[in-house]
Amino acid sequence: MASKDGHRETYYESAIRKGYNRRDFMKFAAFISAYMGLENSMIGQVANSLQTKHRLPIIWEHYQECTCCSESFIRSDHPMVADIILDTVSLDYSETLMAASGHQAEAAKHDTMEKYHGEYILCVEGSVPMGANGVYCTIAGKTALDHLKEAAEGAKAIIAWGSCATNGCVQGAKPNPTGATPIHKIIKNKPIIQMPGCPPIGEAMAALIVHYVTFERLPELDRSGRPKAFYGKRVHDTCYRRPYFDAGLFAESFDDVNAKEGYCLYKLGCRGPSTYNACASMKWNNGISFPIESGHGCIGCSEANFWDNGPFYKRMTNVPGFGIESSADKVGKIATGVVAAGLTAHSIVANVSKYKELKGRYSRGKINEENLDKNEEK
């Protein structure tokens with residue numbers, strides 16, 4: 001984004017202008033590097049990129065959605081995320097966050113599309129209705145489909161935020177009356193990064209943009225186009241209730257004593273074993289909790305067609321893993337009689353392992369910040 005005198009700010013200049021100091025900036029670099037899964041030695045490269053590179057032009061489109069992706073982003077754990085990545089006051093274009101409206105807003109978008117043709121990133125939140133010639137979602141007199149094609153034409157890459165943009169989400173659930181369609185099924189000639197979730201985690205969203213700024217390339221993606229750093233493991237793999245699953249100990253209802261003791265919610269419909277996301281390791285709201293920790297099973301919101309994959313409160317079957325999942329009831333009985341003696345030791349070992357994995361990135365960020373404080377004092 002250029003200032004009034006035509007100068008294009010770097011991320012560092014934007015942070016300083018907003019009242020942050022050098023130490024705040026370095027703490028942010030340490031924080032975001034940890035969430036990106038980078039080693040401590042990479043913090044300098046991240047900081048240098050943010051200090052020397054111009055702010056990446058971003059156009060953020062909204063179609064059929066509830067705005068939860070934007071809400072997740074601006075409520076990130078770190079206060080600088082929204083400020084220096086998007087600049088919530090002068091974002092190039094976003095119906096939700098930008099200050100302008102009406103003709104001024106559309107003029108700002110087209111100005112960015114012309115000045116930074118082939119350079120800007122197009123972020124899309126929401127599905128595109130293809131039914132009835134797209135009349136279910138119109139903006140400034142044009143359909144969402146028209147807006148998408150126009151903005152995508154000059155984009156360097158496209159980020160599909162949330163399950164609406166990546167798989168249709170609730171709008172695309174049967175019978176899908178509006179013909180809700182995910183972005184990758186419409187745009188075929190641009191790199192598309194999928195960030196599913198309802199919504200995706202704010203820190204993961206910020207880390208994706210910083211990765212692109214730092215390395216000028218897309219992160220490693222899985223076969224579904226999702227960043228492996230955040231979608232490389234199942235929620236089940238890093239869940240703190242996993243030891244109880246392995247031991248065959250399950251809650252039978254949401255209010256029974258087993259649920260209160262933290263037993264596995266698999267029999268109550270938890271889809272953690274088939275859902276790939278970082279919810280259990282990164283968590284939400286300053287790393288406080290995630291749905292399973294709050295007592296509700298995972299509904300698989302980052303997986304395609306999750307609305308149509310059966311009732312949320314009916315347990316799954318034939319889950320690959322330890323070899324005990326095909327009959328949770330049977331295993332529960334066996335576990336009670338056979339592994340009672342070894343359960344405590346097993347749970348302790350498993351919990352220690354999972355705890356290290358869950359807290360790894362967050363702890364590294366905290367350690368980096370402490371080291372920065374010590375260096376500052378010296």
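Let me begin with Ile-32, which, leaving aside residues up to four places away in sequence, touches Val-46, Glu-203, Ala-206, Ala-207 and Val-210. This is a predicted model, and I will come back to its confidence at the end. Ile-32 is among the residues with the most contacts inside the largest nonpolar core, a group that also holds Phe-25, Ile-121, Ile-159, Trp-161 and Met-195, and the core as a whole has 47 residues. Helix H9, residues 202-215, supplies the largest share of this core, namely 10 residues. Apart from it lies another core, of 23 residues, including Met-113, Ala-152, Ala-165 and Ile-186. As background, nonpolar side chains in soluble globular proteins tend to be buried together.

Staying with buried residues, let me turn to helix H7, residues 144-153, where Ala-144, Leu-145, His-147, Leu-148, Ala-151 and Ala-152 are the buried ones. How are they placed around the axis of H7? They cover an arc of only 160 degrees, and therefore sit on the same side of the helix.

Next, the charged pairs, of which I will take three from the 13 salt bridges that the structure holds. Glu-9 pairs with Arg-17, with the closest N and O atoms 2.5 Å apart; Glu-9 is buried at a relative accessible area of 15%, whereas Arg-17 is partly exposed at 48%.

The second pair is Asp-111 with Lys-115, where the closest N and O atoms are 3.6 Å apart. Both belong to helix H6, residues 102-115, and because they are 4 residues apart there, about one helical turn separates them. Asp-111 is partly exposed, with a relative accessible area of 34%, while Lys-115 reaches 55% and counts as exposed.

The third pair, Glu-252 with Lys-267, meets at 2.7 Å, N to O, and it links distant parts of the chain, the two residues being 15 residues apart. Glu-252 lies in the loop between helix H11 (242-246) and helix H12 (257-260), and Lys-267 in the loop between H12 and helix H13 (279-282). Which of the two is buried and which is partly exposed? Lys-267 is the buried one, at 12% relative accessibility, and Glu-252 is partly exposed, at 49%. Beyond these pairs, Arg-234, Asp-237, Arg-242 and Asp-246 are joined into one network by salt bridges that share partners.

Now to the backbone, bearing in mind that most residues other than glycine have a negative phi, and most peptide bonds are trans. The bond from Lys-174 to Pro-175 is cis, with omega near 10 degrees, and Pro-175 lies in the loop between helix H8 (162-167) and strand S8 (180-181). Cys-198 and Pro-199 are also joined by a cis peptide bond, with omega about 0 degrees, and Pro-199 falls in the loop between strand S9 (192-195) and H9.

As for positive phi, Glu-216 has a value near 55 degrees, in the loop between H9 and helix H10 (228-231), and is exposed at 55% relative accessibility. Lys-283 has a positive phi of about 60 degrees, in the loop between H13 and helix H14 (328-338), but is buried, with a relative accessible area of 10%.

Finally, confidence: the mean pLDDT of the chain is 81, and 75% of its residues reach 70 or more. Over residues 322-329, however, pLDDT is below 50, and this stretch has 16 contacts in the model beyond near neighbours in sequence. Residues 331-348 likewise stay under 50, with 13 contacts beyond four places in sequence.

Methods. Residues numbered from 1 in each chain as written. Predicted model: local features only at pLDDT ≥ 70, side-chain atom pairs only at ≥ 80, totals over all residues. Heavy atoms only, no water. pLDDT = per-residue confidence, 0-100. Contact = heavy atoms within 4.5 Å. Core = buried A, V, L, I, M, F, W, Y, C linked by side-chain atoms within 4.5 Å. Buried < 20%, exposed > 50% of the residue type's maximum accessible area, 1.4 Å probe, protein only. Arc of directions from axis to C-beta. Salt bridge = Lys/Arg side-chain N within 4 Å of Asp/Glu carboxyl O.
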